[in-house]
Amino acid sequence: GALLTVYLGVVIAALVLVNKVGVRAWTAARAAWAEQMGFLEERFAGTEDIRGIGAEQHQQRRLAGLMLNLLRSARAGWLANALGHVVSNFLFIVGYAMGLAIGATLYLNGQATIGTAFMIVAYIGMLATPIDALHDIAEQLQQATAGVNRVSELLALRPRARDEGRAELPAGPLSVQFDGVSFAYRDEDTPAADATESDSLILREVSFMLAPGRTLGVLGRTGSGKTTLTRLLLRLYDADSGAIRLGGTEIRAVPFERLRARVGLVTQDVQLFGATLRENITLFDETVPDAAIEDALDKLGILDWARGLPQGLDTLLEPGGGGMSAGEAQLLAFARILLRDPGLVILDEAASRLDPLTERRLERAIEHLLGDDGRRRTAIVIAHRLRTVQAADDILILEGGEVAEFGPHAALAADPESRFNRLLRAGLEEALA
Ligand code: ATP
Ligand code: MG
């Protein structure tokens, strides 16, 4: 009995060792699998661009590389499983041999009957089924442990912006204040101090104050940090230094949910989902009544267009906005915001040019979005076209992440020395291109 127990201990220890190797291999295989899936998803979304520049071959070669990687790591996993098989079978044979040897020796020395010798061997044989079962379980455990490892890695990721505030934002239009805000995009391991010291700063000491109900036109060359500014306002990232206040409240003190309910953002490229028109506007909130949706569409001047669709609000849109023009997608994004009635609206104008008809439609829609009935919302409009800034009360010009100029529209336009004036004279489109 003691011998058999020791023997079983050796078998289990060997299986545990093999298991460790297996878990490592399967974790790598899972990662390779995820990488391949991510690659496929991204390439399918970009099919048009890939075909457009004739990069199919290149993408296929990269996919082949990823598949090879997956094959190698999965093969290592299966090899670890096979190793488990070999080890447990080998130990079993060793056990049999030992049992036979002991039984034979005892019998030949006259210390045991043939029955006892046979029994020793038979007992070892009885261990075969449980050892096999243990090995099977170990195999499943390897893959499961690898899966759990990957999930724990993901769950351990923490966003740098923490949702810990409890403060409220005031009702009505919100004032916006940037107070010496600096920011750099950095990866997980770079400490804030390093990023702030290096010249990787995307925003440098940005300060300005926008009174409630006013519209700010933001201008700047491509890459000057305009979109980044809007991301900080929604706390998609936190500033590295300085403070941002909405309605006088520091935004870090406001819970994400309340902040994002009061700030409406239309991004440069609007995301549409493979769902109905209604769901795309309400963002899957079923409590929004159709009357409210139609009211919003009416204000934006696209109610007739929506009614003209084959199934009205129930028309299925293609994922990624297929079958929708850029202008129409923008108008749908406006409708999303109108429904939520925010205190600050941010429009990040698409850099692409629209046809004059859509442009006029958008302009009228923007007017409605920024407020009606004498109740204006505060707005930040990032403009790539002159017409868009013409309605702005204040103008902010960003240059390389720094505020190059900030002031009331009329004053800057009248001052012949101002950058804004120069931009106007040079023709904004050409100057910002
Ligand atoms: P555009 O007029 O083309 O929209 P922009 O003024 O909005 O330009 P931003 O998108 O704010 O420019 O980008 C500012 C800089 O930050 C760019 O140099 C860009 O490469 C960098 N950047 C933007 N987003 C990221 C990101 N997620 N990670 C790292 N760097 C980024
Ligand atoms: Mg941008």
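Two strands pair if DSSP finds at least two bridges between them. With that in hand, here are some close-up views of this predicted model.

**View 1. The hairpin of β11 and β12.** Let us start with two neighbouring strands: β11 covers residues 394-399 and β12 covers residues 402-408. They pair in the antiparallel sense, over 6 bridges. To find one of the matched positions, look for Leu396, whose bridge partner in β12 is Phe406. Together the strands form a hairpin, with 2 residues between them. Within the turn, Gly400 has a positive phi of about 55°.

**View 2. An open sheet of 4 strands.** Here the strands follow the order β2-β1-β4-β5, and the pairing is antiparallel. At the edges are β2 (203-210) and β5 (249-250), each of which pairs on one side only. In general, strands of a sheet pair through backbone hydrogen bonds, either parallel or antiparallel. A good place to look is where β4 (residues 241-246) meets β5, as 2 bridges join these antiparallel strands. There, Leu246 stands opposite Thr249 in β5.

**View 3. Helix α7 against the sheet.** Which strands does helix α7 lie across? The helix, made up of residues 226-233, lies across β1 (176-183), β2 and β4. Compared with the direction of β1, helix α7 runs at about 115°.

**View 4. The surroundings of ligand 1.** Now for the ligand, which has 14 residues around it. Those that come nearest are Thr222, Lys226, Thr227, Thr228 and Gln268. Several polar atoms are worth picking out. Thr228 places a polar side-chain atom 2.5 Å from an oxygen atom of ligand 1. Gly225 takes part through its backbone, with a polar atom 3.0 Å from an oxygen atom of the ligand. For Tyr185, a polar side-chain atom lies 3.4 Å from a nitrogen atom of ligand 1. On its own, ligand 1 has 640 Å² of accessible area, and the protein covers 62% of this.

**View 5. Asn19 and its contacts.** Our last stop is Asn19, found in helix α1 (residues 2-45). Is Asn19 buried or exposed? It counts as buried because its relative accessibility is 15%, and the cut-off for buried is under 20%. Leaving aside neighbours within four places in sequence, Asn19 is in contact with Ala138, Leu141 and Gln142. With Gln142 there is also a side-chain link: a polar contact of 3.2 Å joins the side chains of Asn19 and Gln142.

Technical notes: Residues are numbered from 1 along each chain as its sequence is written. Chains are lettered from A and ligands numbered from 1 in the order in which they are written. This is a predicted model: local features need pLDDT of at least 70, side-chain atom pairs count only at pLDDT 80 or more; totals for chains, interfaces and linings use all residues. Side-chain values use heavy atoms; hydrogens and water are left out. Contact means heavy atoms within 4.5 Å. Axes are lines fitted to C-alpha atoms, for helices over the stretch in contact, and angles run from 0 to 180 degrees between N-to-C directions. Buried means under 20% relative accessible area, exposed over 50%, partly exposed in between (1.4 Å probe, protein chains only). A polar contact is a pair of N or O atoms within 3.5 Å; within protein, one must be able to donate a hydrogen and the other to accept it, and residues adjacent in sequence count only if both atoms are side-chain atoms. A residue is near a molecule or strand if one of its heavy atoms lies within 4 Å of it. Accessible areas come from the Shrake-Rupley method with a 1.4 Å probe; for residues, only the protein chains shown count as cover.
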